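Visitor: I'd like a close look at one part of this protein, the salt bridges and the charged side chains around them. Could you walk me through that slowly?

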Amino acid sequence: MSTPSEAENERSEPDLSAVIGERRQLMNLAYRMLGSVAEAEDAVQETYARWYAMSPERQQAIESPGAWLTTVASRVCLDVLGSARIRRERYVGEWIPEPLPDRSEWVGGHTDGGRDEPADPADRVTLDESVNMAFLVVLESMTPAERVTFILHDVFRYPFAEVADIVGRSAPACRQLAASARRRLRDARAETGPAAGQAALVREFKEAWEAKDIRALVGLLDPEASMITDGGGLAGAALRPVDGGERVAQYLCHFAEKAHGLVLLERTVNGRPGLVAQHAGVTVTVAAFGLAGDRVHRIWAVRNPEKLRPWPGRGGAQSWGG
């Protein structure tokens with residue numbers, strides 16, 4: 001026969017397991033809402049801090065810990081999005097969401113020995129079309145309420161009645177927010193072609209870039225192509241978008257000329273074929289691509305070393321390439 005303490009443990013352990021088991025879902029939710037791995041981790045940590053700050057009696061009174069955690073995490077993200085707009089107005093240059101590597105290449109924090117260790121699988125974000133860079137960039141243009149409503153309803157399939165309770169709006173108002181968000185995303189979906197086709201185009205682009213062949217690059221770029229680089233004031237980057245296929249090609253060749261020994265690697269970036277540039281074994285740039293037919297229409301190049309932490313060979317600031 002179980003003692004009172006054993007019986008209590010039997011009741012609490014499944015609840016604890018269910019709570020901890022929500023971490024991956026919360027991380028997936030928070031990254032899509034915030035576009036930042038670091039901010040998503042902070043939001044999830046704050047959510048768990050609020051859970052563990054409650055008394056055991058209050059925890060036991062919550063019928064669905066998963067629903068409670070989702071509600072709290074969403075509200076934390078809503079608050080972060082409100083303050084993030086102010087912070088990003090002060091950001092040096094262009095701000096791009098943090099790029100995510102394929103699971104097999106995700107790197108965690110440094111151990112005491114200074115080596116890179118794989119991150120806990122629960123911390124990884126599931127890569128699908130709702131995290132491709134074109135999608136995330138458009139999410140950045142939304143109001144906090146639009147973004148949170150759209151992600152909860154259209155991505156994670158929460159009913160509008162539940163979304164309304166989370167964001168503090170009526171269900172009809174949330175329907176309107178989601179509809180507005182969908183309109184904004186139409187162009188982003190148009191830039192996401194078949195992965196196989198994008199892989200072939202990115203490979204050709206890589207070869208032309210390695211050869212510093214401006215003519216070949218121009219042929220692969222849409223005439224109205226635009227390249228956005230994010231250095232965050234910590235790495236050389238254009239402070240404004242580089243517009244026009246020819247200007248983008250010239251910029252890329254200039255970058256390659258200044259970075260002797262630059263190595264380009266074909267890698268998955270936010271679930272889509274992209275490129276990683278390494279210098280002396282250090283990842284210095286991660287580039288995601290948006291397509292217009294069979295040409296490159298958008299390039300998002302992240303150079304801010306603080307946003308490259310999940311990538312192998314991450315390093316410090318680089319001054320060249322701006």
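Guide: Let's start with the term itself: a salt bridge here is a side-chain nitrogen of Lys or Arg within 4 Å of a carboxyl oxygen of Asp or Glu. Keep in mind that this is a predicted model. By that rule, the side chains of Arg-147 and Glu-140 form a salt bridge, with 2.7 Å from N to O. The two partners are covered to differing degrees: Arg-147 counts as buried because its relative accessibility is 2%, while Glu-140, at 21%, is partly exposed. The cut-off matters for that second call, since buried means under 20% relative accessible area.

This pair also belongs to something wider. Glu-39, Arg-87, Arg-88, Glu-140 and Arg-147 are joined in a network of salt bridges.

Now look at what surrounds Arg-147. It is one of the H7 residues that meet helix H5, along with Pro-144, Ala-145, Val-148 and Leu-152. On the H5 side, the residues making these contacts are Thr-70, Ser-74, Leu-78, Leu-81, Gly-82 and Arg-85. H5 covers residues 65-89 and H7 covers 144-155; their axes are 9 Å apart and the angle between them is about 150°. The crossing of H5 and H7 is right-handed.

As for Glu-140, it is in helix H6, which runs over residues 133-140 and has six of its eight residues buried. Those six are Met-133, Ala-134, Phe-135, Leu-136, Val-138 and Leu-139. At the N-terminal end of H6, Asn-132 acts as a cap, with a side-chain oxygen 3.1 Å from the backbone nitrogen of Ala-134.

Let's step back for a moment. The whole structure has 11 salt bridges, in a protein with 12 helices and six strands. Of its 322 residues, 50% count as buried.

Two more of those bridges are worth a visit. One pairs Arg-50 with Glu-46, whose closest N and O atoms are 2.8 Å apart. Both residues are in helix H3 (37-52), four residues apart, or about one turn of the helix. Why does that spacing suit a pair? An α-helix has 3.6 residues a turn, so residues three or four places apart point the same way. Arg-50 is partly exposed at 39% relative accessibility, and Glu-46 is partly exposed too, at 32%.

The other bridge joins the side chains of Glu-266 and Arg-203, at 3.0 Å from N to O. Glu-266 is in strand S3 (263-269) and Arg-203 is in helix H10, so this bridge ties together parts that are 63 residues apart in sequence. Glu-266 is partly exposed at 29%, and so is Arg-203, at 39%.

Finally, consider charged residues that are buried without a salt bridge. Asp-222, in strand S1 (221-230), is one of them: the nearest side chain of opposite charge is Arg-295, 5.7 Å away. Beyond its close sequence neighbours (within four places), Asp-222 is in contact with Gly-245, Ala-292, Arg-295, Val-296 and His-297.

Arg-303 follows a similar pattern, being buried with no salt bridge and with Asp-230, the nearest opposite charge, 9.4 Å away. This arginine is in the segment after strand S6 (295-302). What does its side chain find instead? A polar atom of the Arg-303 side chain lies 2.4 Å from the backbone oxygen of Gly-236.

Technical notes
Residues numbered from 1 in each chain as written. Predicted model: local features only at pLDDT ≥ 70, side-chain atom pairs only at ≥ 80, totals over all residues. Heavy atoms only, no water. Helix = DSSP H or I, 4+ residues; strand = E, 2+ residues; numbered from the N terminus. Buried < 20%, exposed > 50% of the residue type's maximum accessible area, 1.4 Å probe, protein only. Lys, Arg positive; Asp, Glu negative; His and termini not counted. Polar contact = N/O pair within 3.5 Å; in protein donor to acceptor, adjacent residues only side chain to side chain. Axes fitted to C-alpha atoms, helices over the stretch in contact; angles between N-to-C directions. Left-handed = near helix turned anticlockwise from the far one by under 90°. Contact = heavy atoms within 4.5 Å.
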